[in-house]
Amino acid sequence: MGNRDNTRRLRPIWNVIIANNQGWTCRRCQKPIRPGEPYDLGHAADADPSRTHETHDVEPEHPFCNRSAGSKARNKLGKLNPSRDW
Ligand SMILES: [Zn+2]
């Protein structure tokens, strides 16, 4: 729940960053997210840990990319926990 609050707080910051950069590169598909385009803020657990920017823990992603990544993570988790076999 705290994470959700953080994401909401960071959106105005990211809106400015995206506008200043004339867009942002989605780290999942490497395609641009244009200013004004809808985006999700995804947790960047696999991002460069040396980043010290205040927004280091989340990054803009296409909503489609964010959802497909979560789906893959759930599938992986299911394979790691084969509860049906017990
Ligand atoms: Zn993407």
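A good place to start is the middle of things: the largest nonpolar core is made up of W24, C26, I33, Y39 and C65, 5 residues in all. Keep in mind as you look around that this is a predicted model. One member of that core, C65, is worth a second look. Setting aside residues up to four places away in sequence, C65 touches C26, R28 and C29. Of these partners, C26 is itself listed in the core.

Now step back to see the whole chain. The protein chain holds 2 helices and 4 strands. Reading from the N terminus, the order of these elements is α-β-β-β-β-α, with the strands coming between the helices. Of the 86 residues in the protein chain, 12% count as buried. The contacts also tell us how parts of the chain meet: among those between residues at least 6 apart in sequence, 48% join residues at least 24 apart.

Next, find N66, the residue that follows C65 in the numbering. N66 sits in helix α2, which covers residues 63–80. Is N66 buried, partly exposed or exposed? It is partly exposed, because 19 other C-beta atoms lie within 10 Å, while a buried residue needs 20 or more. Leaving out neighbours within four places in sequence, N66 is in contact with D40, G42 and E61. Another residue to look for from here is Y39, which belongs to the core we began with. N66 and Y39 are 27 residues apart in sequence, yet their C-alpha atoms are 8.8 Å apart in space.

Finally, let us visit two loop residues with a backbone feature to look out for. The loop between α1 (2–20) and β1 (24–25) contains Q22. Phi of Q22 is near 60°, a positive value in a residue other than glycine. Q22 counts as exposed because it has 9 C-beta neighbours inside 10 Å, and the limit for an exposed residue is 12 or fewer.

Further along, Q30 has its place in the loop between β1 and β2 (32–33). Here phi is near 65°, again a positive value in a residue other than glycine. How many C-beta neighbours does Q30 have inside 10 Å? There are 8, so Q30 counts as exposed.

Notes:
Residues numbered from 1 in each chain as written. Predicted model: local features only at pLDDT ≥ 70, side-chain atom pairs only at ≥ 80, totals over all residues. Contact = placed C-beta atoms within 7 Å. Core = buried A, V, L, I, M, F, W, Y, C linked by C-beta atoms within 7 Å.
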